[in-house]
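Thanks for coming, everyone. Please look at the sequence and the structure on the screen while I talk.

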Amino acid sequence: MRKKNEDKYKQFSNELLDWYDVSRRDLPWRAAPGASSNPYFVLLSEIMLQQTVVTTVIPYFIRFINKWPKIIDLAQADFNEVSSLWAGLGYYRRAKNLHETAKILVKQHNGIIPNDEDVLLTFPGIGEYTAAAISAIAYDTKSNVVDGNIERIFSRLYKIEEPLELSKQKIRTLSKKYLPCKRNGDYAQALMDLGSSVCIPKAPRCQICPIISTCKLGGTPNAAMYPKRLPKKNKKQRYGVFYLLMDDEGSILFSTNKNEGIFANMDVLPSIGWNEENKKLESSPKIISKELALFNLNWEILEKKINHIFSHFKLNCTLVFFRIKKSTLNNLIIDKKYRFVKKTELNKLAKPSLIKKILDVFEEEIVK
Ligand code: SF4
């Protein structure tokens, strides 16, 4: 029986690797077939790929390696520049973690990325999955790499009836049995490619799947119903007011966040009501009350509202505007965390995509 199972696991990895050799995606962080990976490229791509899809990551990855071709270059970079190049990729704490990790690697490991998962886990922003992926892809170690794509494949392979939220450990135990004795980096990437191009969520393409012979759901109309999920809870709603204070030369008031919260280290417009520290609005305001009248100004509400979806809540944004004469600025009491940024300097800021979206609306509605 044991021998039979081992043959099954071997056949699975062989079929998958044969498929990978002809169908692999060409990605800028991947080594050419048979060549060794660049561990820095692997680390950088894996951190960028946390919560972000491959197509979004590719141009960011290329910009980063053009600017900082080696880990020592990234470690020596000014964080404002790192943050600025990261702008738009989301989950901004990753930029800070990446930069901190690069500095630790250069200072304590001679710029060499370790192949030990336990050591990788000690770096900022590197969790279980990322550590396993880096050590498998960069160094071919026998690491059990399990992301959402791979969970989907194994839940279909075994027709797992428990919801994914309750069967993650079971899937990890199963997937570990299939790890091959060599080409572990290719094997992990083969599973990732299979999950993103063949065993896809809504309409799995079983007819071209290299592992259909081992899959309990292969070719059945039920495959798309796996993994099973617990019933979805509705996303929580939050409400916020975003302020555009512009002087008569077109400069706009911004602040740079501390290394905490959703937009850690990013350049943002003043806002109230929605984030952890000042979450107090229960709905979108119809008027700007005294409490909401930042700097005691007579803000104008824009008719156009925008929404932004975060991973755990939906943000309803009310946009308000005030144009101020430079000569009257001294009369305002403005916290020193704020500064006016010239229009020509705006593109140098590290702006989250929400703030870009808001600036676009102001541009359309007000700033002609
Ligand atoms: S046979 Fe179909 S369901 Fe099974 S792993 Fe392949 S694509 Fe997924």
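I will go through the domains, the core, two helices, the strands, the ligand and a few backbone details.

One point before we start. This is a predicted model.

Let's begin with the domains. The domain assignment gives two of them. Domain 1 covers 2–143 + 179–197, and domain 2 covers 236–365. How far apart are the centres of domain 1 and domain 2? Taken over C-alpha atoms, 36 Å separate them. The two domains do touch: ten residues of domain 1 are in contact with eleven residues of domain 2. Look at the side of domain 1 that touches domain 2. Helix H5 (79–86) and helix H6 (93–109) each supply at least two of its residues. That side divides into four nonpolar, four polar and two charged residues.

Now the core. In soluble globular proteins, nonpolar side chains tend to be buried together. Here, the largest nonpolar core has 87 residues. Leu 16, Leu 44, Ile 134, Ala 188, Leu 191, Tyr 243 and Leu 269 have the most contacts inside it. Which helix gives the most to this core? Helix H2, residues 39–49, with eight residues. Domain 1 and domain 2 each contribute at least three residues to this core.

Pick out Tyr 243 for a moment. Leave aside residues up to four places away in sequence. Tyr 243 then touches Leu 269, Pro 270, Ser 271, Leu 294, Trp 299 and Val 320. Remember Val 320; we will meet that residue again in the strands.

Next, helix H2. Why is H2 described as largely enclosed by the rest of the structure? Because eleven of its eleven residues are buried. Among them are Pro 39, Phe 41, Leu 44 and Met 48. Ser 45 and Glu 46 are buried too. What do the buried residues of H2 pack against? Four helices: H3 (54–67), H4 (71–76), H6 and H8 (128–139). After H2 comes Gln 51, with a positive phi near 65°.

Compare helix H9, residues 148–157. Seven of its ten residues are buried, so H9 is also largely enclosed by the rest of the structure. The buried ones are Ile 150, Arg 152, Ile 153, Phe 154, Ser 155, Arg 156 and Leu 157. Note the two arginines in that list. The buried residues of H9 pack against helix H10 (164–177) and helix H11. Just after H9, Lys 159 takes a positive phi of about 50°.

On to the strands. Follow E7, residues 313–324. Strand E1, residues 236–247, runs parallel to E7, and twelve bridges join the two. In one of these pairs, Gly 240 has Cys 317 of E7 as its bridge partner. Strand E6, residues 306–309, runs antiparallel to E7, with four bridges. There, His 308 is the bridge partner of Leu 315. E6 and E7 form a hairpin, with three residues between them. Strand E5, residues 300–301, is also antiparallel to E7, joined by two bridges. Here is Val 320 again: Ile 301 stands opposite it.

Now the ligand. How many residues surround the ligand? The answer is 15. The closest are Cys 199, Cys 206, Cys 209, Cys 215 and Gly 218. The shell divides into twelve nonpolar residues, one polar and two charged.

Last, the backbone. Most residues other than glycine have a negative phi, and most peptide bonds are trans. Let's see some that depart from this.

The peptide bond from Tyr 226 to Pro 227 is cis, with omega near 0°. Pro 227 lies in the loop between helix H11 (184–197) and E1.

Asn 265 has a positive phi, near 65°. Asn 265 sits in the loop between strand E2 (252–256) and strand E3 (267–268). Is Asn 265 buried or exposed? Buried, because Asn 265 has 21 C-beta neighbours inside 10 Å, and the cut-off for buried is 20 or more.

Phe 295 also has a positive phi, near 55°. Phe 295 is in the loop between strand E4 (271–272) and E5. With 17 other C-beta atoms within 10 Å, Phe 295 counts as partly exposed.

That is my tour. Questions, please.

Definitions and conventions: Residues are numbered from 1 along each chain as its sequence is written. This is a predicted model: local features need pLDDT of at least 70, side-chain atom pairs count only at pLDDT 80 or more; totals for chains, interfaces and linings use all residues. Two strands pair if DSSP finds at least two bridges between them. A residue is near a molecule or strand if its C-beta atom, placed from the backbone, lies within 6 Å of it. Ala, Val, Leu, Ile, Met, Phe, Trp, Tyr, Cys and Pro count as nonpolar, Asp, Glu, Lys and Arg as charged, and the others, Gly among them, as polar. Domain bounds come from an automatic or database domain assignment. Two residues are in contact if their C-beta atoms, placed from the backbone, lie within 7 Å. A nonpolar core is a set of buried Ala, Val, Leu, Ile, Met, Phe, Trp, Tyr and Cys residues joined through C-beta atoms within 7 Å. A residue is buried if 20 or more other C-beta atoms lie within 10 Å of its own, exposed if 12 or fewer, and partly exposed in between; C-beta atoms are placed from the backbone.
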